[in-house]
There are 4 protein chains.
Amino acid sequence: MSCSHLDDLSTDIRERAARIRLVGFDVDGTLTDGRLLFDSEGRELKAFHVLDGQGLVLLRKAGFEVVLVTARHSGIAEQRGAELGLQVCTAVKDKFACVDAMRERAGLGFEQVAFMGDDLPDLPILVHAGLSVAPANAHPWIGERVHWRTKSRGGEGAARELCDLLLGAQGHAAAILAEAMRQRAPLAKEAT
Amino acid sequence: MSCSHLDDLSTDIRERAARIRLVGFDVDGTLTDGRLLFDSEGRELKAFHVLDGQGLVLLRKAGFEVVLVTARHSGIAEQRGAELGLQVCTAVKDKFACVDAMRERAGLGFEQVAFMGDDLPDLPILVHAGLSVAPANAHPWIGERVHWRTKSRGGEGAARELCDLLLGAQGHAAAILAEAMRQRAPLAKEAT
Amino acid sequence: MSCSHLDDLSTDIRERAARIRLVGFDVDGTLTDGRLLFDSEGRELKAFHVLDGQGLVLLRKAGFEVVLVTARHSGIAEQRGAELGLQVCTAVKDKFACVDAMRERAGLGFEQVAFMGDDLPDLPILVHAGLSVAPANAHPWIGERVHWRTKSRGGEGAARELCDLLLGAQGHAAAILAEAMRQRAPLAKEAT
Amino acid sequence: MSCSHLDDLSTDIRERAARIRLVGFDVDGTLTDGRLLFDSEGRELKAFHVLDGQGLVLLRKAGFEVVLVTARHSGIAEQRGAELGLQVCTAVKDKFACVDAMRERAGLGFEQVAFMGDDLPDLPILVHAGLSVAPANAHPWIGERVHWRTKSRGGEGAARELCDLLLGAQGHAAAILAEAMRQRAPLAKEAT
């Protein structure tokens with residue numbers, strides 16, 4: 001039932017994580033590896049990661065408000081958010097205003113807001129968030145200004161690390177593992 | 001005729017591998033690198049790896065039962081499985097039940113079942129499998145609970161490592177190399 | 001307001017960067033990771049990076065002339081350039097002539113031209129440019145002949161490093177960060 | 001005019017390279033990173049690398065016979081080969097026979113044949129080739145049996161390393177660099 005991969009996090013980060021109720025994620029470079037794929041007929045493609053998807057669903061089921069926020073017009077982000085049951089704000093000029101409005105509607109303080117992003121448009125909300133997070137490969141200006149940088153790069157499980165931190169800090173890890181094991185047969189032999 | 005890249009495996013892993021008759025593989029994150037690619041017209045894309053495909057076909061030809069198991073609706077996984085001549089179970093809510101039913105139909109015990117996966121939905125079957133395997137980049141909760149983690153990441157040859165282990169542990173390696181060399185000309189000069 | 005990730009650059013590189021007015025970028029291998037993706041119906045795909053796009057827009061807004069130059073016929077490069085508001089020259093047989101003409105039209109000397117490329121067709125213009133740059137994974141013949149190699153690989157933020165260098169060397173960094181922060185609420189609490 | 005990145009190659013490898021006239025390349029895992037991309041409508045995609053394309057064209061222009069050989073049905077490989085002006089053999093059951101027939105037609109001995117591949121179907125021709133090469137991430141059975149392993153992985157410039165070796169060993173490097181520089185303006189200022 002342990003989260004040993006998070007054992008080395010500071011008390012400050014864990015305490016910040018324990019207060020979070022609303023979690024926002026930038027899309028390109030955070031939920032993706034930052035690649036903007038285009039084909040010769042004008043279509044755009046994006047690659048999300050299955051580890052992140054699992055974590056985002058666990059966050060939502062644990063009662064967190066989760067929102068994807070992107071400055072790009074992106075039907076793909078909307079589609080991915082819908083698949084995971086998440087709120088999605090696309091074509092956002094001002095990410096701070098977008099998240100701030102959600103925060104107010106929910107009656108939350110900034111100390112209850114976490115945000116994860118990798119570049120300049122994320123900076124205003126990152127600066128206010130109670131827990132600001134950047135993927136390993138964020139722009140240096142961002143990486144130097146957040147509370148925590150994940151070990152994983154964007155689009156390769158970075159968002160899952162934040163999900164795990166929040167779930168662990170608020171005591172959901174044991175229940176999630178137990179739920180994952182619910183199909184376990186009654187006569188199961190010893191496991192490693 | 002050696003498998004020198006597997007020389008450092010423990011006796012326990014080799015003995016577990018020697019008993020396996022049924023091998024199940026998760027798809028996203030195990031047979032792929034976990035990326036879920038979407039285009040702006042709603043299409044989905046996945047990337048399998050040619051090294052894994054070769055290994056899965058060798059497993060099948062050596063008499064193993066091989067099955068791909070995924071929780072996602074995925075015509076791509078079905079198509080890839082068909083190309084390789086493998087059984088495929090998609091949109092699976094309960095991976096344990098799916099593999100368990102195959103195990104029973106084949107009259108096998110759990111000690112004859114290997115499974116490879118990278119995240120929570122794989123955990124129940126991994127806990128029961130006689131040989132449980134995770135790719136290098138599996139979620140930590142999974143990586144800490146399996147018998148063996150491959151050196152390769154999912155979608156970059158991780159599944160091939162398991163294929164090689166099983167083929168080696170059951171004495172198929174020499175025959176496979178000999179078969180691969182069957183086109184060798186009679187007067188071939190010394191090879192390195 | 002610092003650019004600490006550029007602190008280790010030599011005075012020579014900073015002085016060269018301070019003179020630049022026109023910046024040219026090769027496309028494949030420089031703005032992309034060099035992968036030329038094709039599908040079975042003849043379509044081509046390319047992957048640009050969101051970090052690079054942000055940097056290129058910042059360069060343009062800071063008054064630099066920015067041009068993408070590629071030897072390939074590429075509607076994708078044209079489309080990406082248009083999205084970012086940049087000049088694009090595709091199907092270019094002679095990259096030197098192309099950039100040289102732009103330089104003359106703008107009344108600039110070569111010492112005011114920067115170019116970033118990764119392979120032989122980029123060499124003539126790289127040899128003349130006041131600041132020649134190659135991504136980390138450029139061909140060795142190119143990497144050995146440029147003033148500066150970025151830490152990032154092509155298509156993974158290499159171009160952004162050049163943008164940051166130019167913006168920093170010409171004193172734009174503080175204004176860019178201030179502009180990024182303009183949405184900051186008046187009563188914001190202390191940030192890290 | 002140096003090829004310093006090849007300075008550490010053994011005399012044996014250089015001597016083998018000096019005799020080559022016909023060069024064969026496997027496709028998946030050698031000219032690509034091994035990823036087999038499929039979309040939900042049955043299309044297949046492959047990613048070649050621009051560095052490799054440049055090298056293959058240089059080989060052809062220097063008078064080498066160059067052929068791409070793949071066991072898969074692949075219109076994409078045919079299209080890429082055509083773009084580069086190369087011979088392509090797809091859906092090849094017996095790669096040895098395919099290359100052997102080309103060798104005979106050209107009146108060459110095996111010592112004049114180089115082949116680069118990464119897995120079992122490449123082994124018979126690799127064993128006969130005067131110079132056998134595998135990308136860094138080839139299957140261990142192959143990597144242990146070739147004369148030379150490149151530093152780059154398949155699809156990320158591994159084939160270019162072989163091109164550079166052959167061009168360098170046969171004295172073409174200086175001419176290629178001179179040709180690349182032919183657009184150099186007469187009044188060019190000092191270059192680095």
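How many residues does the contact take from chain B and from chain A? In this predicted model, chain B contributes 36 residues and chain A contributes 37 residues. The area buried between the two chains comes to about 3,200 Å², and carbon and sulfur atoms give 56% of that area. On the side of chain B, B:Arg35, B:Phe38 and B:Trp141 together supply 22% of the area that this chain buries against chain A, which is more than any other three residues supply.

Polar and charged groups also take part in this interface. Between chain B and chain A there are 12 residue pairs in polar contact, and five salt bridges are found across the interface; one of the salt bridges joins A:Arg43 to B:Glu41, with the closest N and O atoms 3.1 Å apart. The elements of chain B that give two or more residues to the side touching chain A are β2 (35-39), α5 (123-128) and α6 (140-143), and the largest share, five residues, comes from β2(B). By residue class, that side of chain B divides into 13 nonpolar, eight polar and 15 charged residues.

Turning to chain C, helix α2 covers residues 50-61, and because a helix rises 1.5 Å a residue, its 12 residues should span 16 Å, which agrees with the 17 Å between its end C-alpha atoms. Nine of the 12 residues of α2(C) are buried, so the helix is largely enclosed by the rest of the structure; among the buried residues are C:Val50, C:Leu51, C:Leu56 and C:Leu59, as well as C:Gly53 and C:Gly55. The helix α2(C) is followed by C:Gly63, whose phi is positive, near 100°.

How values were computed: Residues are numbered from 1 along each chain as its sequence is written. Chains are lettered from A and ligands numbered from 1 in the order in which they are written. This is a predicted model: local features need pLDDT of at least 70, side-chain atom pairs count only at pLDDT 80 or more; totals for chains, interfaces and linings use all residues. Side-chain values use heavy atoms; hydrogens and water are left out. Helices (H or I, at least four residues) and strands (E, at least two) are DSSP runs, numbered from the N terminus. The expected span of a helix is 1.5 Å times one less than its number of residues. Buried means under 20% relative accessible area, exposed over 50%, partly exposed in between (1.4 Å probe, protein chains only). Contact means heavy atoms within 4.5 Å. Buried area is the accessible area (1.4 Å probe) that two parts lose on being put together, summed over both. A salt bridge is a side-chain nitrogen of Lys or Arg within 4 Å of a carboxyl oxygen of Asp or Glu. A polar contact is a pair of N or O atoms within 3.5 Å; within protein, one must be able to donate a hydrogen and the other to accept it, and residues adjacent in sequence count only if both atoms are side-chain atoms. Ala, Val, Leu, Ile, Met, Phe, Trp, Tyr, Cys and Pro count as nonpolar, Asp, Glu, Lys and Arg as charged, and the others, Gly among them, as polar.
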